[in-house]
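Visitor: I have a new model on my screen and I would like to know what the labels in it really rest on. Could you take me through a few of them?

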Amino acid sequence: MRNVVMDQRAIDDCADVSQSGAMVQVRIRNLDKTFYRNHDSVQVLRDISLDISQGELLVLLGPSGCGKTTLLRCLVGLEKPGHGLVELNGRPVVDVDNKVFVQPNRRDVAMVFQNYALWPHMKVAQNVAYPLKARKMRDEIKKGRVEEVLQTVQCDHLADRYPPELSGGQQQRISLARALAPRPALLLLDEPLSNLDALLRIELRAQLRRLHRELGFTGVYVTHDQEEALALGTRVAVMKEGKIEQIGKPNDVYKRPSTEYVADFLGARNRLKMVAGDSAEATIENNLFKNMVRPGVLGEYHLRWRDGDLFIRLSGAEEKSSHRWILGAELSEVLPAGDHAEHVVKIGNTTLFIDVPASDSDLRPGDRVDIGFDLARTLCYDSAGSLLEDFALAD
């Protein structure tokens, strides 16, 4: 058998999980997947290696086409990887080198789909009982497992209804109940809330969080919604072009995006170039700032902020604050949104977005404005796009 080789970042990620003391439920090593069509090929997974601990809910976060759903399908057995190893509870379900591929119905894995995938001609109770019958778990049915799991998702009153008679939120909860019924070793959720309206998504998100806390199931959750990922995941893995760009606890990934790609995807879309020179000086858009960067920080960098991390004032206005101000900008548009307003600002060839409480601003498009920032809420990236921590002197 081939010795599996992992890169150092993957080793560090897996070590981080094992240090938690929980048993490793899923082990993935060097997983690759390429799709072939005629004479073309597209590699959608590139050397994925990670461990998922028992009771963990890992969220795969990224844009369409980054490989997150393909990774999910490889775990459940709907896709065959071209290379790599997948173990579930210590048992190989995929080992390409040794020609091991366990069929989906033998993996003890359940999946919740985006489109619910309920049998329309079966009543709710029959839908939930289906995987138990398929796995010959009739004793569980007799013991009331169907009723139990419907109560868990607060849908026991719908047992005799048909799926087309239910709302989207109810259908998704039934789909979840069906997946939970056989107590799978691994629960996979493929953007299960994306078809629901905004308020219902928030409601079901809270229910999913409660269920995971109470049941402690091991799961992998796919989404492109950063709020969903941060709310649900015990860990979040941000994917880019078939690779895991960063993985860690939600708060760590959010506060310290390791690359510009992750920062941009997690909302830090405002970007300006900073040139750092001697004597702790730095220049941003022709504005010179003294006593700003620590010794050794020299050359070109890019600073990033989320919309709520920047400030705005009428050009030249006096204000008692600890903010540093970038002069020479123009307000091009104001987008009201209830209790806050998005201010679209142009400075040079760059557009910035600044979120301001509606009561704090009476600026109008065309106004000359200054842009304020705090170093403590500023992310700095080097020319390779990697996070440079502690780049600044204390304010």
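Guide: Gladly! Two strands count as paired if DSSP finds at least two bridges between them. Keep in mind that this is a predicted model.

Visitor: How do you know that strand 4 and strand 5 pair?

Guide: Strand 4 and strand 5 (residues 91–95) share 4 bridges, and the rule asks for at least two, so they pair. Their sense is antiparallel, and one of the bridges sets Val86 opposite Val94 of strand 5. The hairpin of strand 4 and strand 5 has 2 residues between the strands, and Asn89 takes a positive phi near 55° there.

Visitor: What pairs strand 4 with strand 1?

Guide: The count here is 5 bridges between strand 1 (residues 24–37) and strand 4 (residues 83–88), running antiparallel. Set against a minimum of two bridges, that counts as a pair. Arg27 has Glu87 of strand 4 as its bridge partner, while Val26 stands opposite Leu88.

Visitor: Which sheet do these strands belong to, and what makes a strand in it an edge strand?

Guide: The sheet is an open one of 5 strands in the order 2-1-4-5-6, with antiparallel pairing. An edge strand there pairs on one side only, as strand 2 (40–53) and strand 6 (100–101) do. As background, strands of a sheet pair through backbone hydrogen bonds.

Visitor: What makes strand 4 mostly covered?

Guide: A residue is called buried when its relative accessible area is under 20%. In strand 4, 5 of its 6 residues are buried.

Visitor: How many residues of strand 9 are buried, and on which sides?

Guide: In strand 9 (residues 219–223), 5 of its 5 residues are buried. In a regular strand, side chains alternate between the two faces of the sheet. On one side of strand 9 are Gly219, Tyr221 and Thr223, on the other are Val220 and Val222, and all of them are buried. Both faces are therefore covered, going by the cut-off of under 20%.

Visitor: Which strands does strand 9 pair with, and in what sense?

Guide: Strand 3 (residues 57–61) joins strand 9 by 5 bridges and the two run parallel. Strand 8 (residues 186–190) also pairs with strand 9 in the parallel sense, over 4 bridges. Gly219 is a useful residue to click on: it is the bridge partner of Leu57 and also that of Leu187.

Visitor: Now a charged residue. Why is Glu260 called buried?

Guide: Its relative accessibility is 12%, and buried means under 20%, so Glu260 falls in that class. Glu260 is found in helix 10 (residues 260–265).

Visitor: What does the side chain of Glu260 make a polar contact with?

Guide: The partner is the side chain of Arg271, at 2.8 Å. The limit for such an N or O pair is 3.5 Å, so the distance of 2.8 Å lies within it. Beyond its close sequence neighbours, Glu260 touches Arg271, His302, Arg304, Tyr381 and Gly385.

Visitor: What is the difference between a cavity and a pocket?

Guide: In a cavity a 1.4 Å probe fits but cannot get out, whereas a pocket is open. The structure holds 2 cavities of 30 Å³ or more, and the largest has a volume of about 90 Å³.

Visitor: Which residues line the largest cavity, and of what class are they?

Guide: Among them are Val112, Arg173, Leu189, Pro192 and Leu211. The classes come to 8 nonpolar, 2 polar and 1 charged. Helix 6 (168–180) and helix 7 (198–215) each supply at least two of the lining residues, and helix 7 gives the most, with 4.

Visitor: And what lines the largest pocket?

Guide: The largest pocket, about 540 Å³ in volume, is lined by 18 residues, with Val109, Ala110, Met111, Pro131 and Arg135 nearest its centre. Strand 7 (109–112), helix 3 (124–134) and helix 6 each give two or more residues to that lining. By class, the lining has 14 nonpolar, 1 polar and 3 charged residues.

Visitor: How many residues line the second largest pocket?

Guide: That pocket has a volume of about 420 Å³. Its lining holds 22 residues, and Lys255, Leu375, Ala376, Thr378 and Leu379 are the closest to its centre. The split here is 13 nonpolar, 1 polar and 8 charged.

Technical notes. Residues numbered from 1 in each chain as written. Predicted model: local features only at pLDDT ≥ 70, side-chain atom pairs only at ≥ 80, totals over all residues. Heavy atoms only, no water. 1 Å grid on protein atoms, 1.4 Å probe; cavity = no way out; pocket = protein on both sides within 12 Å on 5 of 7 lines; lining within 4 Å. Points joined across faces, edges and corners; volume = space filled by probe spheres on them. Nonpolar A, V, L, I, M, F, W, Y, C, P; charged D, E, K, R; others polar. Buried < 20%, exposed > 50% of the residue type's maximum accessible area, 1.4 Å probe, protein only. Polar contact = N/O pair within 3.5 Å; in protein donor to acceptor, adjacent residues only side chain to side chain. Contact = heavy atoms within 4.5 Å. Lists of a residue's contacts leave out its neighbours within four places in sequence.
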